[in-house]
Amino acid sequence: PECIVPLTARRSLNEVRIDQKFTLMNQYIDWTCQMDIDTSVLPVFRHRLTISPDIEVENVQENAGEVNRPAAWHRRGDRLVVQLKEGTTGRHLLKISGRQILRPDDTRILLHSPHIQDAQILESVMTLTDQEGLGLRFEKLGSAVPNDRIANNDLLQPGVPVRMQILEESD
């Protein structure tokens, strides 16, 4: 006699904390994003992310334990795939940096949070700094909740970082 027990498909569980920084300059925005990822159940071999197509990704680093190394990655449109050196469980970091060019005819800057597939976002923070004193105003905060009170049409103070919690990653 045989005993057969069907298994449901198991997947990696990724719990993620996102910390991204936008530094606004005269002609571009410097963008850095650190994702603190804790993977359980099964090892993960790659991460698939959606990042604003306006951001040109320049560097991706992977950090697992004491090892900090360039990650293998490729991008097509708004999709970024990061290939890890080996199957990973436990805590590891992805550090992504890039730049968004500001064109002379730009009248609005849309700042989007990255999305990581197959993940539960535990916390997402965005810090915005008007480094050059461009006279930028908040038009719409979306799901961003500033640590300090900010209203629509408030000016970003030159060189003063504004830290915000992102409540919904879709905005």
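The following exchange goes through strand pairing, one buried residue and several salt bridges in a predicted model.

Colleague: Which strand pairs with strand 2 over 18 bridges?
Modeller: Strand 2 covers residues 28-50 and pairs with strand 1, residues 13-24, in the antiparallel sense over twelve bridges. Strand 2 is also joined by two bridges to strand 7, residues 115-116, and these two run antiparallel as well. The pairing over 18 bridges, again antiparallel, is the one that strand 2 makes with residues 79-101, which are strand 6.

Colleague: What is the bridge partner of Leu-24 in strand 2?
Modeller: Strand 1 and strand 2 form a hairpin, with three residues between them. Strand 1 ends at residue 24 and strand 2 begins at residue 28, and within strand 2 the bridge partner of Leu-24 is Ile-29.

Colleague: Which residue in strand 6 stands opposite Asp-30, and which residue in strand 7 is the bridge partner of Leu-49?
Modeller: Strand 6 spans residues 79-101, and there the residue opposite Asp-30 is Arg-99. Strand 7 consists of residues 115-116, and in strand 7 the bridge partner of Leu-49 is Ile-116.

Colleague: Is Thr-129 buried or exposed?
Modeller: Thr-129 lies in strand 8, residues 119-130. Leaving aside residues up to four places away in sequence, Thr-129 touches Phe-22, Thr-23, Leu-24, Gly-159, Val-160 and Pro-161. Because its relative accessibility is 10%, and the cut-off for this class is under 20%, Thr-129 counts as buried.

Colleague: How many residues apart are Arg-11 and Asp-118, whose side chains meet in a salt bridge?
Modeller: The structure holds eight salt bridges, and one of them joins the side chains of Arg-11 and Asp-118 at 2.5 Å, N to O. Arg-11 sits in the segment before strand 1 and Asp-118 in the loop between strand 7 and strand 8, so that the pair links distant parts of the chain, with a separation of 107 residues.

Colleague: Which residue meets Glu-123 in a salt bridge?
Modeller: Glu-123 is partly exposed, at 29% relative accessibility, and its partner is also partly exposed, with a relative accessible area of 41%. The two side chains meet at 3.9 Å, N to O, and the partner of Glu-123 is Arg-17.

Colleague: What is the relative accessible area of Asp-36?
Modeller: The side chains of Asp-36 and Arg-91 meet in a salt bridge at 2.7 Å, N to O. Arg-91 lies in strand 6 and Asp-36 in strand 2, so the pair ties together parts that are 55 residues apart in sequence. Arg-91 counts as exposed at 55% relative accessibility, whereas Asp-36 is buried, with a relative accessible area of 17%.

Conventions:
Residues numbered from 1 in each chain as written. Predicted model: local features only at pLDDT ≥ 70, side-chain atom pairs only at ≥ 80, totals over all residues. Heavy atoms only, no water. Helix = DSSP H or I, 4+ residues; strand = E, 2+ residues; numbered from the N terminus. Buried < 20%, exposed > 50% of the residue type's maximum accessible area, 1.4 Å probe, protein only. Contact = heavy atoms within 4.5 Å. Pairing = 2+ DSSP bridges. Salt bridge = Lys/Arg side-chain N within 4 Å of Asp/Glu carboxyl O.
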